[in-house]
Amino acid sequence: MAGMSLLDPFGRKVNYLRLSVTGRCNLRCSYCRPAGGDEAPTAGEILSDDDLLLLARTAVGLGIEKIRVTGGEPLVRKGVVGLLSRLAAIPGLKKLVLTTNGLHLKESAEALRRAGVESLNVSLDTLRPDRFARITGGGDLRRVVEGITRAQECGFPYIKINAVVMQGINDDEIEEFAALTLDRPLRVRFIEYMPAAAADRTHGITVPGEEILDRLSRRYRLLPMGKEELGGPARYFRIDGSAGAVGIITPVSCHFCGDCNRIRVTSGGVAKGCLFSLQDIDLKPFLRRGNAEGLRKALQDVVQGKPDRHLLSPEGFGGKPFAMSAVGG
Ligand code: SAM
């Protein structure tokens, strides 16, 4: 089925699937989990390895070229390395990548590399241990930093650090984060906080990407870089003379929906054409019956149902509040 491609009604080629493999997480970031508790599905409700493989194979058969495994925290899923190596072996899949909070990275980096994970995104919002513990509900920053170092030693070519910038919470660390790229081949990406989860005491804390760039250009000379193939929505810059790169991801201030190439599936098997979509499609019935044809049709419907743009603004969005932890970010 080589050469298949998925086109949505707006002419966008969809070749990127974000696959959440668990709703569980070993951190409790306030902006990510549902208000008032953890709605993670229980083990029985999440897709099995076989479900995920059938789903991934079918998606690749339709034209998906890149899969990002996310969560919850993907590294808390039992047997995730085995799952990743089976995913990596799917013929036609060009890129298997993983997003993690890095807590388990030190001990699993080598196995992840061997399994065929091509690159890693590590979420990290602060470089200060006390602040990290506060934002994450008790996380140990040192483990994340050691995990990143270990992953570099294991040969992950460039590691992306994703920092969600929040006014009054960590926006005083932008320059320090950027400085990490001076002598290390890291890509530090500043992500606009999306008011989606909490309903919503937190709006007003989004820092627009342009403001982040303005601040950085006061300290550094920023040189724009080109877009990478199968890359995400980040706009990259290199600090003159640096080993790495900085980027901004602006889902709130500047929609990149025109270039959207992705669909998502939650750990419970619900497919979404947009992070903020109101039209979800449950894939479980097709997966449970091993109904590959029904699954193909459902995935095509998800692509056909992609909205032309999402309705997110710094004040929130029109839909029902949801937990990023359930969808995978
Ligand atoms: N546990 C993994 C991790 O920490 O990367 C993967 C899942 S997590 C839901 C994926 C990404 O979503 C993280 O980088 C997290 O910071 C981001 N995220 C969660 N809630 C967000 C929000 N309200 N606005 C922007 N990014 C958010």
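**A tour of helix H1, its partners and the ligand**

Helices H1 and H2 are roughly parallel to each other, because the angle between them falls under 35 degrees. The model on display is a predicted one.

**First stop: H1 and H2.** Select residues 49–62, which form H1, and residues 80–88, which form H2. Their axes lie 10 Å apart, and the packing angle is about 20 degrees. Now show the side chains at the contact: Asp49, Asp50, Leu52, Leu53 and Ala56 belong to H1, while Leu83, Arg86 and Leu87 belong to H2. Of these residues, five are nonpolar, three are charged and none is polar. The crossing of H1 past H2 is right-handed.

**Second stop: H1 and H9.** Keep H1 selected and add residues 292–304, which form helix H9. Here the axes come within 10 Å and cross at roughly 60 degrees, which makes H1 oblique to H9. This crossing, too, is right-handed. On the H1 side, display Leu54, Leu55, Thr58, Ala59 and Leu62; they meet Ala292, Leu295, Arg296, Leu299 and Gln300 of H9. The contact of H1 with H9 comprises seven nonpolar residues, two polar and one charged.

**Third stop: the ligand.** Select the ligand and the 17 residues that surround it. The closest are Gly72, Glu73, Thr99, Ser123 and Met194. Which atoms of the ligand lie 3.1 Å and 2.5 Å from polar side-chain atoms of Glu73 and Ser123? For Glu73, the partner is a nitrogen atom of the ligand, at 3.1 Å. For Ser123, the partner is an oxygen atom of the ligand, at 2.5 Å. Finally, select Thr100, where a backbone N or O atom is 3.5 Å from an oxygen atom of the ligand.

Conventions
Residues are numbered from 1 along each chain as its sequence is written. This is a predicted model: local features need pLDDT of at least 70, side-chain atom pairs count only at pLDDT 80 or more; totals for chains, interfaces and linings use all residues. Side-chain values use heavy atoms; hydrogens and water are left out. Axes are lines fitted to C-alpha atoms, for helices over the stretch in contact, and angles run from 0 to 180 degrees between N-to-C directions. Helices (H or I, at least four residues) and strands (E, at least two) are DSSP runs, numbered from the N terminus. Angles under 35 degrees count as roughly parallel, over 145 as roughly antiparallel, 65 to 115 as roughly perpendicular and the rest as oblique. A crossing is left-handed if the near helix is turned anticlockwise from the far one by less than a right angle, and right-handed if clockwise. Contact means heavy atoms within 4.5 Å. Ala, Val, Leu, Ile, Met, Phe, Trp, Tyr, Cys and Pro count as nonpolar, Asp, Glu, Lys and Arg as charged, and the others, Gly among them, as polar. A residue is near a molecule or strand if one of its heavy atoms lies within 4 Å of it. A polar contact is a pair of N or O atoms within 3.5 Å; within protein, one must be able to donate a hydrogen and the other to accept it, and residues adjacent in sequence count only if both atoms are side-chain atoms.
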